[in-house]
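This report describes the open and enclosed spaces of one protein model. Please view the sequence and the structure together while reading.

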Amino acid sequence: MPSARAAVSRYYSGALGANVSPDRILLTASTSEAYAFVFKLLADPGDEVLVPSPSYPLFDYLAALDSVRVIQYPLVYQSSWVIDFDALSRSITSRARAIVLVNPNNPTGSFLKQFELGPLLALCREHNLPLISDEVFADYAFEDQAPLVRSLTGSKEILTFCLSGLSKVAALPQLKLGWIVVGGPPPHRAKTFEGLELIADTYLSVSAPVQWAAPVLLDLRAEMQRQILGRVVANRSFLASQIGPASPWKLLSTEGGWYAVLEAPRIHSEEDWVLNLLNQDGVLVQPGFFFDFAREAFLVISLLTPEDVFREGIRRILARG
């Protein structure tokens, strides 16, 4: 519906200061479906997409359902998370069809840095690869930091697919509305959009009620985001305050998102850490290996937990160190 696409356009203008015309917006039932549409458009069976590691453990499944192979490229931690461009370049083969960027990343909470943007675009141009930018957490930056790239919706140099949706933007995952913003050189962009429209019209998966409701739902996002961001920032601040210079625990730097990453003392494996905390302390965290961290031991902690529960949980975790 034009009214739903116009509402998404207004969201980008108000939230990110981005000029996104409605005719660049394709509606989907979710961000997962958006990935599936883009994979269908770009890749044949056996082709490859490059995805960051660590990252959310969904790409393998989404790609496999479209008979596409996932090739991981590493993010490395150097006081903050950055792309290992040498490794990314070495990972590109003749079967590569796109580079996936999660911005900010889940669970590392790292945004693309301004100094990374140029090399990333140059690499895409060199190998004629589109960029798929998953921006579902873009509204949840901890600070307004100039060195961070908040969105790639304004990209005109290369073909880009920027993905988001109500699930995180308005904390409404069950209402099933996502979208793709297509960017790049206008002629290429127009042809690409036609291909996506053909796929979307084949499935017709976006319901009419959520499209009618989209303008109101997106207008309500500000209050929901204020509450979420207030909670995650408060919980992260408390966690940081509990880890002193002499602590065996290390809180990794993050720039946004809903999660914190703790590096645990290497006295147990990640699996033992997680199971001991669950069985003996009643605390639920996720192990780093769920997200393909390159080494141990890391714990991924939700910052969405109510503050009193979160504080008690952190005390129990740190008491184990």
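How much space lies in the largest cavity? About 100 Å³ of space lies there. The model is a predicted one, in which local features need pLDDT of at least 70 and side-chain atom pairs count only at pLDDT 80 or more, while totals for chains, interfaces and linings use all residues. Residues are numbered from 1 along each chain as its sequence is written, and side-chain values use heavy atoms, with hydrogens and water left out.

Some terms come first. On a 1 Å grid over the protein atoms alone, a cavity is a set of points where a 1.4 Å probe fits but cannot get out, whereas a pocket is an open set with protein on both sides within 12 Å along at least five of seven lines. Lining residues have an atom within 4 Å of a point. Grid points are joined across faces, edges and corners, and a volume is the space filled by probe spheres set on the points.

**The cavity**

The structure holds one cavity of 30 Å³ or more. It is lined by 14 residues, and Leu-75, Ile-83, Leu-101, Val-102 and Ser-110 are the closest to its centre. The strands β4 (81-83), β5 (96-102) and β6 (112-113) each supply at least two lining residues; β4 gives the most, with three. Helices (H or I, at least four residues) and strands (E, at least two) are DSSP runs, numbered from the N terminus.

**The pockets**

The largest pocket contains about 810 Å³ of space. Of its 42 lining residues, Tyr-56, Asn-106, Phe-137, Lys-168 and Tyr-259 are the closest to the centre. Two or more residues come from each of α2 (31-42), α6 (166-169), β14 (298-302) and α11 (307-319), and the largest share, seven residues, belongs to α11.

The second largest pocket has a volume of about 300 Å³. Among its 15 lining residues, Leu-26, Leu-27, Ala-200, Asp-201 and Val-206 lie nearest the centre. Here β1 (25-28), α2 and α7 (186-203) each give two or more residues, and α7 provides the largest share, four residues.

**Classes of lining residues**

Ala, Val, Leu, Ile, Met, Phe, Trp, Tyr, Cys and Pro count as nonpolar, Asp, Glu, Lys and Arg as charged, and the others, Gly among them, as polar.

| Space | Nonpolar | Polar | Charged |
|---|---|---|---|
| Largest pocket | 24 residues | 13 residues | five residues |
| Second largest pocket | nine residues | two residues | four residues |
| Largest cavity | nine residues | three residues | two residues |
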